[in-house]
Amino acid sequence: MNKEKKSRIIMLLIDVLITAVLLVFDQFTKHLAVVHLKGQAPYVLIDGVLELQYLENRGSAFGMLQNQKVFILFVGIVFLAVLLFFLLKLPEQKKFRIVHILLAVIIAGGIGNMIDRFRLDYVVDFISFVLINYPIFNVADIYVVVATIGLFILFLFVYKEKDLEFLNFKQNRYREMK
């Protein structure tokens, strides 16, 4: 096995490990929410700012698409497939390691919420940012939002067009034909 292939396998194993650890933590926090918050009054962490409040979200982000489980799962599976595709296409250069990590974080969040949908028919939400009346969310949602913002910043301000040539399918096909 050559050095490049070995490096690629190690990076993908690290991606799997990151995803697994974050997924376990997400599921653990949701379990705690069910055990300690379900049927209880909100638990105030910072008065007027942050509370823990149990909610069964049968929709998608911000409660949209209520009771559309099959559609939400279908879109989630397609989205995860696209993320995995890009994860596998990422160059092995050191400058893309952070992208590997961020994609693994997003995948962990997506899988965490999909597990809830498959298992419970809803997603357990429990973090309530009451200061701005923000929709109740969970740890998996934090993974997705923070990592997506990180990717957005990287692709907007750090990587140059040349760095992203691996995303150009036409150019890749042309190279393969040579």
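## A residue with positive phi

Asn-133 is exposed, its relative accessible area being 68% (exposed means over 50%, buried under 20%, partly exposed in between, with a 1.4 Å probe and protein chains only). The model is predicted: local features need pLDDT of at least 70, side-chain atom pairs count only at pLDDT 80 or more, and totals for chains, interfaces and linings use all residues. Residues are numbered from 1 along each chain as its sequence is written, and side-chain values use heavy atoms, without hydrogens and water.

Asn-133 has a positive phi of about 55°, although it is not a glycine. Its place is the loop between strand 3 and helix 4. Asp-121 is likewise not a glycine and has a positive phi, of about 75°. Asp-121 sits in the loop between helix 3 and strand 3. Asp-121 counts as partly exposed because its relative accessibility is 40%.

## Overall layout

The protein has 5 helices and 3 strands (DSSP runs numbered from the N terminus: H or I of at least four residues for helices, E of at least two for strands). Read from the N terminus, the order of elements is α-β-β-α-α-β-α-α.

Of the 178 residues of the protein, 35% count as buried. About 11,500 Å² of the protein is exposed, and 69% of that area comes from carbon and sulfur atoms (Shrake-Rupley method, 1.4 Å probe; for residues, only the protein chains shown count as cover). Among contacts with a separation of 6 or more, 67% are between residues 24 or more positions apart (contact means heavy atoms within 4.5 Å).

## Strands 2 and 3

Strand 2 (residues 50-57) runs antiparallel to strand 3, and 6 bridges join the two (strands pair if DSSP finds at least two bridges between them). Within this pairing, Leu-50 stands opposite Phe-129 of strand 3.

Strand 3 covers residues 123-129, and 6 of its 7 residues are buried, so the strand is largely enclosed by the rest of the structure.

## Asp-116 and its partners

Asp-116 belongs to helix 3, which spans residues 97-120. Asp-116 counts as buried because its relative accessibility is 1%. Leaving out residues up to four places away in sequence, Asp-116 touches Gln-27, Lys-30, Asp-121, Tyr-122, Val-123 and Val-124. With Gln-27, the side chain of Asp-116 makes a polar contact of 3.5 Å (N or O atoms within 3.5 Å, one able to donate a hydrogen and the other to accept it; neighbours in sequence count only if both atoms are side-chain atoms).

With Lys-30, the side chain of Asp-116 forms a salt bridge, 3.1 Å from N to O (a side-chain nitrogen of Lys or Arg within 4 Å of a carboxyl oxygen of Asp or Glu). Asp-116 is in helix 3 and Lys-30 in helix 1 (residues 3-37), so this pair ties together parts that are 86 residues apart in sequence. Lys-30 is also buried, since its relative accessible area is 3%. Asp-26, Lys-30 and Asp-116 are linked in a network of salt bridges.

## Salt bridges of Glu-56

The whole structure holds 4 salt bridges. In one of them Glu-56 pairs with Lys-38, the closest N and O atoms being 3.5 Å apart. Glu-56 lies in strand 2 and Lys-38 in the loop between helix 1 and strand 1 (43-46), so the pair ties together parts that are 18 residues apart in sequence. Glu-56 also meets Arg-58 in a salt bridge of 3.2 Å, N to O.

Glu-56 counts as partly exposed because its relative accessibility is 26%. Lys-38 is partly exposed at 42% relative accessibility. Arg-58 is partly exposed as well, with a relative accessible area of 31%.

## A nonpolar surface patch

Val-145, Ile-149, Phe-152, Ile-153, Leu-156, Phe-157 and Val-158 form a nonpolar patch on the surface. Together these residues have about 690 Å² of accessible area. (Patch residues have over 30% relative accessible area and no salt bridge; like charges are joined within 9 Å, and nonpolar side chains, Val, Leu, Ile, Met, Phe, Trp or Tyr, within 5 Å.)

Phe-152, one of the patch residues, is found in helix 4, residues 139-158. Phe-152 counts as exposed because its relative accessibility is 53%.
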